Amino acid sequence: EGLVENSRRMGELMGMHLAELKERHPCVGDVRSIGLFGVLDLVRDRKTRKPLSEWNKPLSPAMKVISAKLFELGLYTYIRWGWVFVVPPLIIEQSVLDEGFRIIDEALKLGDQAVVA
């Protein structure tokens with residue numbers, strides 16, 4: 001069914017989307033992906049890499065707001081501490097992937113408000 005090829009193509013596109021989000025949003029400390037498995041590492045401060053939500057603690061208010069916005073806009077994903085996982089299905093089409101990243105872009109604007117200037 002071409003799932004491996006689609007995963008390769010869409011994974012490359014997803015990597016570009018992730019890199020663009022890192023450039024655009026101060027709350028994105030780092031991004032990484034392999035194929036169609038990616039994660040955004042959200043931080044309060046890029047210099048110190050202090051996470052937007054502490055490990056082994058409940059989600060911070062900022063992460064709760066981001067999570068709620070993603071859900072409100074129809075994007076269901078896994079959020080853990082300061083990480084937003086991006087793991088679309090292998091059958092995803094470009095238009096759907098692009099829409100998902102538009103939603104993530106919108107939600108990250110809320111995260112940018114929590115960044116140390």
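The dialogue below walks through several features of this structure, which is a predicted model.

Visitor: Before the details, how should I judge a helix, and what span should the residues of H1 have at 1.5 Å a residue?

Guide: The general idea is to set the expected span beside the distance between the end C-alpha atoms. For the 22 residues of H1 the expected span is 32 Å, and the end C-alpha atoms are 30 Å apart, which agrees. For H3, which has 19 residues, the reach from the first C-alpha to the last is 26 Å, close to the 27 Å expected.

Visitor: Which residues of H1 are buried, and what covers them?

Guide: Burial is read from relative accessible area, with under 20% taken as buried. In H1 the buried residues are Asn6, Ser7, Met10, Gly11, Leu13, Met14, His17, Leu18 and Leu21, and the elements that cover them include E1, E2, E5 and H3.

Visitor: Which residues of H3 are buried?

Guide: In H3 the buried residues are Leu97, Asp98, Gly100, Phe101, Ile103, Ile104, Asp105, Ala107, Leu108 and Gly111, so the list includes Asp98 and Asp105, which count as charged. The cover over the buried residues of H3 includes H1, E1, E2, H2 and E5.

Visitor: How do I read the largest nonpolar core, and which of its residues touch the most other members?

Guide: The general idea is that, in soluble globular proteins, nonpolar side chains tend to be buried together. Here the largest nonpolar core holds 28 residues, and those that touch the most other members are Leu40, Leu42, Leu70, Phe101, Ile104 and Leu108. Two or more residues come from each of helix H1 (3-24), strand E1 (28-34), strand E2 (37-45), helix H2 (61-72), E5 and H3, with H3 giving the most, namely six residues.

Visitor: Taking one member of that core, which residues does Phe101 touch beyond its sequence neighbours?

Guide: Once residues up to four places away in sequence are set aside, Phe101 touches Met14, His17, Leu18, Leu21 and Val86. Of these partners, Met14, His17, Leu18 and Leu21 are among the buried residues of H1.

Visitor: Turning to open space, how much of it lies in the largest pocket, and which residues are closest to its centre?

Guide: The largest pocket contains about 240 Å³ of space. It is lined by 17 residues, of which Leu75, Val86, Pro88, Ile92 and Gly100 are the closest to the centre. The elements that give two or more residues to the lining are strand E5 (83-86) and helix H3 (94-112), and H3 gives the most, with seven. By residue class, the lining divides into 13 nonpolar, three polar and one charged.

Visitor: How should I read a single position, for instance Lys22: where is it found, and what is it in contact with?

Guide: A careful reading joins the element, the accessibility and the contacts. Lys22 is found in helix H1 and is partly exposed, because its relative accessible area is 27%. Leaving aside neighbours within four places in sequence, Lys22 is in contact with Val28, Gly29, Asp30, Val31 and Arg46. Lys22 and Asp105 are 83 residues apart in sequence, and their C-alpha atoms are 10.0 Å apart in space.

Visitor: Among the loop residues, is Ser60 buried or exposed, and is Thr48 buried or exposed?

Guide: Ser60, in the loop between strand E3 (50-51) and H2, counts as buried because its relative accessibility is 8%. Its contacts, not counting residues up to four places away in sequence, are Arg44, Leu52 and Ser53. Thr48 lies in the loop between E2 and E3 and is exposed, since its relative accessible area is 56%. Thr48 and Ala62 are 14 residues apart in sequence and 18 Å apart in space, C-alpha to C-alpha.

Visitor: Finally, on backbone angles, what is the phi of Arg49, and what is the phi of Trp81?

Guide: Arg49 has a positive phi of about 60° although it is not a glycine, and the phi of Trp81, again a residue other than glycine, is positive and near 50°. Arg49 sits in the loop between E2 and E3 and is partly exposed, with a relative accessible area of 41%. Trp81 sits in the loop between strand E4 (79-80) and E5, and it counts as buried because its relative accessibility is 15%.

How values were computed: Residues numbered from 1 in each chain as written. Predicted model: local features only at pLDDT ≥ 70, side-chain atom pairs only at ≥ 80, totals over all residues. Heavy atoms only, no water. 1 Å grid on protein atoms, 1.4 Å probe; cavity = no way out; pocket = protein on both sides within 12 Å on 5 of 7 lines; lining within 4 Å. Points joined across faces, edges and corners; volume = space filled by probe spheres on them. Helix = DSSP H or I, 4+ residues; strand = E, 2+ residues; numbered from the N terminus. Core = buried A, V, L, I, M, F, W, Y, C linked by side-chain atoms within 4.5 Å. Buried < 20%, exposed > 50% of the residue type's maximum accessible area, 1.4 Å probe, protein only. Contact = heavy atoms within 4.5 Å. Expected span 1.5 Å × (residues − 1).
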